[in-house]
Amino acid sequence: MNDYKDFNHLILLIGTNPLPNFVVADYFLQSNLNVQTVWLIHSEANKLQAGTDGQATNLEALLRKRWKGKHPNLRFPCEKISLSDVSDAASIRSEIERKMLRRWSNTDTFHLNYTGGTKAMATHVYSRLQELQKSGQRPFSYLDANNFRLVVDDDRIIADDLRRKVRIEFEDLIALHDFTRKNQDSPVDLTDAEQMFKRFIEPGKKSDIKDGRWLEAYLAQKLRVGLGGKLNNEKGILQNWEIGRSDWRTHFELDIILLHGYHLTGLSCYVGSKKGEAKNKGFEIIQRCKQIGGDEARAIVVAGLEKPHTELLQEELEYETGGNRKNVLALGLADLRNETLYLRKIEEFVLN
């Protein structure tokens with residue numbers, strides 16, 4: 001067996017976004033039948049710091065749903081360890097020793113993925129476990145989220161493009177962050193949507209075109225046909241989800257959702273021709289996608305802008321969000337007039 005998979009304790013550091021933890025856990029549970037215990041090390045909520053116990057609880061619920069009864073050795077519940085001060089080295093080492101290591105036998109082996117949590121958590125948990133590292137073992141890894149790769153300490157890639165190995169349903173993805181869906185599917189007449197689309201892409205002002213639901217429906221259908229089979233997700237294209245939390249008085253909406261494995265791209269539709277409004281739509285979809293899918297989530301805004309304004313929108317969204325073309329894509333009327341063009345742009349943006 002590969003030395004980096006020969007372990008029975010998987011240790012994860014839980015930060016504010018538990019998605020990377022799920023990706024790592026799901027990959028190792030697929031590839032290592034020896035895993036017995038998943039340890040979730042999280043910050044304790046107190047006067048010193050915010051807690052991530054909720055994220056750990058949500059992650060455990062998803063792992064239980066996914067793996068209980070399907071993995072030969074995995075035990076539930078997961079072991080959750082709270083750290084009372086995630087900035088203090090002595091405290092971290094003491095609590096790791098008392099709450100976890102004293103419960104291990106001499107034959108136990110481990111793997112730490114230090115992607116999540118704070119820098120201090122990663123540094124001091126790593127340091128303590130490094131003292132237990134046996135010769136020839138590679139028990140430490142991190143998730144290279146920009147390239148979707150799992151890498152061990154000697155820079156060896158042990159899993160390339162995890163989007164093709166790990167998938168998640170959108171309902172489970174939002175549940176990791178305490179969100180639920182607030183609406184139901186409501187069908188749109190695709191024949192009417194097609195007619196509206198033809199009018200929409202014609203040159204000239206179209207002030208009578210207001211509601212954008214038909215554009216969502218039209219593009220979602222085109223994407224299902226042109227892109228659906230290339231996504232590593234059976235339910236990888238969804239439309240019109242209103243999302244909120246139990247403690248929120250309001251909610252937000254994602255027009256179109258694209259999931260490649262676990263990687264989220266959100267698409268926002270704006271039928272107007274005002275660049276300022278299109279930019280606001282862009283800012284919102286970028287923020288919402290990061291809120292659900294992490295910093296690596298991507299966003300697309302489709303607007304009723306002609307080419308010069310679309311290009312300017314792309315530049316402004318990149319610059320003002322501190323991002324780059326890899327994470328945001330603006331499409332306008334010139335793109336929509338060429339179906340092959342806009343489908344190819346979206347495919348390259350989502351998959352690459």
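Helices (H or I, at least four residues) and strands (E, at least two) are DSSP runs, numbered here from the N terminus. The model is a predicted one, in which local features need pLDDT of at least 70 and side-chain atom pairs count only at pLDDT 80 or more, while totals for chains, interfaces and linings use all residues. Residues are numbered from 1 along each chain as its sequence is written, and side-chain values use heavy atoms, with hydrogens and water left out.

A good place to begin is leucine 264, which sits in strand β11. This residue is buried, with a relative accessible area of 1%; buried means under 20% relative accessible area, exposed over 50%, and partly exposed in between, with a 1.4 Å probe and protein chains only. Setting aside residues up to four places away in sequence, leucine 264 touches Phe170, Leu173, Ile257, Leu258, Leu259, Cys289, Ile292, Gly293, Ala297 and Arg298, where contact means heavy atoms within 4.5 Å. One of these partners, isoleucine 292, is 28 residues away in sequence, and its C-alpha lies 8.2 Å from that of leucine 264.

The strand that holds leucine 264 belongs to an open sheet of six strands, ordered β8-β9-β10-β11-β12-β13, with mixed pairing. Two strands are taken to pair if DSSP finds at least two bridges between them. At the edges are β8 (180-181) and β13 (328-331), each of which pairs on one side only. Helix α9 (residues 307-320) packs on this sheet and touches β12 (298-303) and β13, and its direction makes about 160° with that of β13. Such angles run from 0 to 180 degrees between N-to-C directions, and the axes are lines fitted to C-alpha atoms, for helices over the stretch in contact. Within the sheet, β10 (residues 252-260) and β11 (residues 263-270) run antiparallel and are joined by five bridges. Histidine 260 faces histidine 263 of β11 across this pairing. In a regular strand the side chains alternate between the two faces of the sheet.

A second open sheet comes next. Seven strands make it up, in the order β3-β2-β1-β4-β5-β6-β7, again with mixed pairing. Its edge strands, β3 (79-83) and β7 (157-159), each pair on one side only, and the twist averages 30° from one strand to the next. Strands β1 (residues 9-13) and β4 (residues 110-113) run parallel, with four bridges joining them; leucine 10 has histidine 111 of β4 as its bridge partner.

Two helices lie across strands of this sheet. Helix α1 (residues 19-31) crosses β1, β4, β5 (140-144), β6 (149-152) and β7, at about 165° to β1. Helix α2 (residues 53-67) lies across β1, β2 (37-43) and β3, at about 160° to β2.

Two hairpins also deserve a look. Strands β5 and β6 pair in the antiparallel sense over four bridges, with tyrosine 142 partnered by valine 151 in β6. Four residues separate the two strands of this hairpin, and phenylalanine 148 in the turn has a positive phi of about 60°. Strand β6 also pairs with β7 in the antiparallel sense, over two bridges, and here valine 151 stands opposite isoleucine 157 in β7. This hairpin likewise has four residues between its strands, and aspartate 155 takes a positive phi near 70°.

Phenylalanine 148 appears again in the lining of the largest cavity, together with Asn17, Leu19, Pro20, Leu143, Ala145, Tyr262, His263, Gly293 and Glu296. On a 1 Å grid over the protein atoms alone, a cavity is a set of points where a 1.4 Å probe fits but cannot get out, and lining residues have an atom within 4 Å of a point. The whole structure has two cavities of 30 Å³ or more, and the largest holds about 90 Å³ of space; a volume is the space filled by probe spheres set on the points, which are joined across faces, edges and corners.

Some backbone details complete the picture. Proline 77, in the loop between α2 and β3, follows a cis peptide bond from phenylalanine 76, with omega near 5°. Aspartate 161, in the loop between β7 and α5 (170-175), has a positive phi near 50° and is buried at 16% relative accessible area. Asparagine 240 in strand β9 (residues 237-244) has a positive phi near 60°, and at 6% relative accessibility asparagine 240 is buried too.

Definitions and conventions
On a 1 Å grid over the protein atoms alone, a cavity is a set of points where a 1.4 Å probe fits but cannot get out, and a pocket is an open set with protein on both sides within 12 Å along at least five of seven lines; lining residues have an atom within 4 Å of a point.
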